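Subject: The structure we talked about

Hi,

Here is the structure I promised to pass on to you. Have it open while you read, and I'll walk you through what turned up.

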Amino acid sequence: MIDNSSRRDLALVVGASGYIGSNLVPRLLDRGYRIRAVSRNSAVLEARAWPGVECHNADALDPTSLERVLPGVDVAWYLVRTQESSPQSAERDRRAAVNFRDAAARYGVRRIVYLSCLAPTDSQCPHLQLQREIAQILREGEVPATEIRSGMVVGAGSAFLDMTRDVVNRLPLAVAPRWAQSRSFPIALEDLLTYLVEVVNRPAAAGKVYDATGPDFLSFASILRRFGRMLGREPAIIPVPVSIPWLSSRWLDLVSSVPSHIAQTFIAGLARDLPGDDDRLQKLIPIPLRNLEPSIELALATEREGDLPAHWAEKSIPCKDFRPPYASYAKKLTDAATTTASAAALWQAICSFGADNDYFSYRFFWWFRGAADWLLGGPSFRRPRRDPAWLRLGDVVDAWRVIDLQPGRKLTLLLEMRLPGAGVLEFELIDRGADREVRATAHFQPAGAWGMLYWFPLIPFHHLVFRGMTREIVRRAVEIDRYKAGSTCPESG
């Protein structure tokens, strides 16, 4: 393997805020590269606090923004991938690839690396088709482009790991459609990153396509069994000889944290066995590859240590105490109301949450829920507020604890009831100029099948409660403003 510890080439990572990009940048730093990280929102990159990394705003749809980030670049990793599936978004992605390809040629970039997915060549999935088109667009340029097609990525914070963990923990009995019995090669995140870094140092890889796969040729059903054994809860798998992809994607959306459009792409990639051709890449970059179990163990250890450069979904909530039964991306329910009431009055109303057991709406629902928690030995009805009007970080409000407080902007409370899962409640104030929006959002991480049985039946009640909460906050804020206006006397001359 080539030693690059003394290299000072300038590397450009486009899409550095994404899951792969955020994991790739630290690896490139370790290899001695100077790095220019690019995203549509540089604030996200700056929050990563990478030492010595240049963070820039740029959009490949805007050629002038590329002119600011390409000068001096030696190699570039193009990791732009949309999650939308409309024809309009696909056309934007094609145009962005053309813009980047041509701009890279003008500025003398030596090599482009593009990451795509292993998939059947005749797949009709729009996301997989688009990836092939983007790769072809990049290869048609003057700069040699290397395409790496990866199998399912097993890494801390990866969508595949979260989906697999959710299914194992929530379904003691799982039906395996035909696609779940097709075999492919999962690959450890660390091994994929090694391939992505090292391939630019192999002149023979210029303009080529390689399959990046792990050593185990497994079906998704087999992966569920192996993962289950590791967690001590191996699910019973019932194979069925039919496959209805749209129904399976909705099912995965229901039982896991992964939304249906991502599940649909995953399912489309398993329409049939995908053996891949890793021999060529292994001969080019000979590295010891991790089997499935060591890959999972490494990912879970990284999560426990809290050393995650990124998660596949932004705003993820870490597993409760890093215990595997809790999903790492919560179910969510939200409601919002708009008002012309002042921000100060809205914030004052929000901070009265839980005072005298008043939660803004449907007081009976709140009392019944608290009574059930009290009977189970939970904190409900046992912890009075420190102050009836204002909150500070760390305060307890009955069964809630303040874990984040940004005055005038956001209040985040952790639910400490005895429940089959972990819950967070957030209130946000958003300034819209002439008016303001108050938003209430519940995040819930179901723990196993009981957590799912708790969450879904309560959704209709939560919709009612949250709609009532936001509107009651607005009503109280309006009353606060009226009171303040009425109590203000003009100065006497």
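Let's start with empty space: the largest cavity has a volume of about 50 Å³. Please keep in mind that this is a predicted model. In total, the structure holds two cavities of 30 Å³ or more. How can such spaces be found? Rolling a probe the size of a water molecule over the atoms shows where empty space is left.

Which residues surround the largest cavity? Its lining is made up of Ala174, Val175, Ala176, Pro177, Trp179, Ala180, Phe220, Ala221, Leu224, Ile237 and Trp251. Strand β8 (173–176) and helix α8 (220–231) each contribute at least two residues to that lining. As for chemical character, the lining has eleven nonpolar residues, no polar ones and no charged ones.

Next, have a look at helix α9, which spans residues 245–255. Four residues to pick out there are Ser248, Ser249, Leu252 and Val255, which are buried. Try looking down the axis of α9: the buried residues fall within an arc of 140°, so they line one face of the helix.

Now for the aromatic rings. How many aromatic pairs are there? The count comes to 20. One of them joins Phe353 and Trp400, whose ring centres are 5.9 Å apart with 80° between the planes, an edge-to-face arrangement. Phe353 sits in the loop between α13 (343–350) and α14 (363–375), while Trp400 belongs to strand β16 (residues 400–406), so this pair ties together parts that are 47 residues apart in sequence.

Are these two residues buried or exposed? Phe353 has a relative accessibility of 0% and counts as buried. Trp400 is buried too, with a relative accessible area of 5%; the cut-off for buried is under 20%.

A second pair to find is Tyr359 with Trp366. Their ring centres lie 4.6 Å apart and their planes meet at 20°, so this pair is stacked; planes under 30 degrees apart count that way. Tyr359 is buried at 5% relative accessibility, and Trp366 is buried at 10%.

Finally, you can put both pairs into one picture: ring pairs link Phe353, Tyr359, Phe360, Trp366, Trp400 and Phe427 into a cluster. Try colouring those residues together on your screen.

Happy exploring, and write back with any questions!

Best wishes

Key. Residues numbered from 1 in each chain as written. Predicted model: local features only at pLDDT ≥ 70, side-chain atom pairs only at ≥ 80, totals over all residues. Heavy atoms only, no water. Buried < 20%, exposed > 50% of the residue type's maximum accessible area, 1.4 Å probe, protein only. Arc of directions from axis to C-beta. Phe/Tyr/Trp six-rings, centres within 6.5 Å; stacked < 30°, edge-to-face > 60°. 1 Å grid on protein atoms, 1.4 Å probe; cavity = no way out; pocket = protein on both sides within 12 Å on 5 of 7 lines; lining within 4 Å. Points joined across faces, edges and corners; volume = space filled by probe spheres on them. Nonpolar A, V, L, I, M, F, W, Y, C, P; charged D, E, K, R; others polar.
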